[in-house]
Every structure is written in C-alpha cells, then in structure tokens.
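Biologist: I'd like a close look at the salt bridges in this model, please, along with whatever surrounds them. Could you walk me through that part slowly, with the cut-offs as you go?

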Amino acid sequence: MRKLLIFLLLIAAGVGAAYYFGAFDRVTERRVERALTDAGLSPEMAECMAPKMVDRLTLPQLRKLERLGPEEGEDVVPLSGREALTRLERVEDREALEVLVRAGGSCAFETFLD
C-alpha cells in the first residue's frame with residue numbers, strides 16, 4: 001500500500017511539473033499549428049500564429065475555431081465572401097475570431113518586414 005501511495009505521488013508530481021513548465025501548452029500549440037496548416041496557411045505563418053492564439057484563448061475557444069473548417073460539400077478554402085461569412089458565423093465566439101484575426105495580421109506584418 002505504501003509503495004502504491006509513493007508511486008501515485010510521483011506521478012502527480014511529474015504531471016504537476018509538466019504542467020508548470022508548459023508541456024501541455026506545447027502540445028496544444030503544435031495542434032493549433034497543424035490545424036492552421038491543414039486550413040491552407042503556410043507553415044511559417046502557422047508557426048507564428050499558433051503561440052499567439054494559445055496564449056490568448058482557452059481550449060473551448062480553440063475548439064470553436066475548428067468550426068471554420070469545411071463542412072461536407074464545402075471547398076477547403078472559401079471561394080466567396082458569403083461562404084467565408086457563413087464559416088465565421090459558425091464559430092459564435094467574437095473573442096476567438098478577434099484573436100485569430102489579430103494573430104494573422106501581426107504575423108503577416110512581421111513577415112512583410114522581413
């Protein structure tokens with residue numbers, strides 16, 4: 001029983017240390033980066049935007065942004081303004097959209113200056 005308790009305490013300490021040092025944030029950041037590249041952004045742009053989005057959005061907000069992806073019968077990239085607006089309306093989170101646009105604008109500006 002004592003060995004089991006020590007083992008559980010070590011696991012809890014390891015998970016706590018990983019959380020403290022940001023291991024879970026890095027996993028989320030990579031996932032956001034991958035989702036952005038899957039949506040058609042360049043790897044450089046996705047790499048720039050992902051940390052900015054992860055720092056400012058909660059996990060539920062990041063999940064809401066997944067609604068921007070194409071649904072059945074839609075093209076990967078919206079081909080009209082109306083289709084783009086339809087996807088934006090699906091998100092139903094103004095703050096998440098604002099962070100997405102700001103991160104994209106900031107990264108585009110940084111790329112422009114390089």
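Modeller: Happy to; I'll start with the overall fold, move through the salt bridges, and end with their surroundings.

A word on the ground rules: this is a predicted model, in which local features need pLDDT of at least 70 and side-chain atom pairs count only at pLDDT 80 or more, while totals for chains, interfaces and linings use all residues. Residues are numbered from 1 along each chain as its sequence is written, and side-chain values use heavy atoms, with hydrogens and water left out.

The chain has six helices and zero strands; both are DSSP runs, with helices being H or I of at least four residues and strands E of at least two, numbered from the N terminus. Of the 114 residues in the chain, 25% are buried. Here buried means under 20% relative accessible area, exposed means over 50%, and partly exposed is in between, using a 1.4 Å probe and protein chains only.

Now to your salt bridges. Side chains of opposite charge can pair when their charged atoms come close. In this model, nine salt bridges are present, each being a side-chain nitrogen of Lys or Arg within 4 Å of a carboxyl oxygen of Asp or Glu.

Let's begin with K52 and E110, whose closest N and O atoms are 2.8 Å apart. K52 sits in helix α3 and E110 in helix α6, so this pair ties together parts that are 58 residues apart in sequence. K52 counts as buried because its relative accessibility is 18%, whereas E110 is partly exposed at 36%.

The next pair takes us to another part of the chain. R90 forms a salt bridge with E71, and here the closest N and O atoms are 3.4 Å apart. R90 belongs to helix α5 and E71 to the loop between α4 and α5, so the parts tied together are 19 residues apart in sequence. R90 is buried, with a relative accessible area of 15%, while E71, at 47%, is partly exposed.

Within α5 there is also a salt bridge between R87 and E83, with 3.2 Å between the closest N and O atoms. These two are four residues apart in helix α5, so about one helical turn separates them. Both R87 and E83 are buried. If you step back from the single pairs, E71, E74, E83, R87 and R90 turn out to be linked in a network of salt bridges.

P78 is a good landmark beside that network. It is placed in the loop between α4 and α5 and is partly exposed, with a relative accessible area of 31%. Setting aside neighbours within four places in sequence, P78 is in contact (heavy atoms within 4.5 Å) with E83, A84 and R87. P78 and L68 are ten residues apart in sequence, with their C-alpha atoms 9.8 Å apart in space.

Another charged residue worth a look is D93, in the loop between α5 and α6. D93 is buried, at 11% relative accessible area. Beyond neighbours within four places in sequence, its contacts are Q61 and K64. The side chains of D93 and K64 are joined by a polar contact of 3.5 Å. By a polar contact I mean a pair of N or O atoms within 3.5 Å; within protein, one must be able to donate a hydrogen and the other to accept it, and residues adjacent in sequence count only if both atoms are side-chain atoms.

Finally, the nonpolar surroundings. The largest nonpolar core has 19 residues, and V32, L36, M49, M53, L57, L65 and L100 have the most contacts inside it. Such a core is a set of buried Ala, Val, Leu, Ile, Met, Phe, Trp, Tyr and Cys residues joined through side-chain atoms within 4.5 Å. Helices α2, α3, α4 and α6 each supply at least two residues of this core, and α3 gives the largest share, seven residues. Apart from neighbours within four places in sequence, L57 touches L62, L65, E95, A96 and V99.

In helix α6, which also holds E110, lies F109. F109 is exposed, at 52% relative accessibility.
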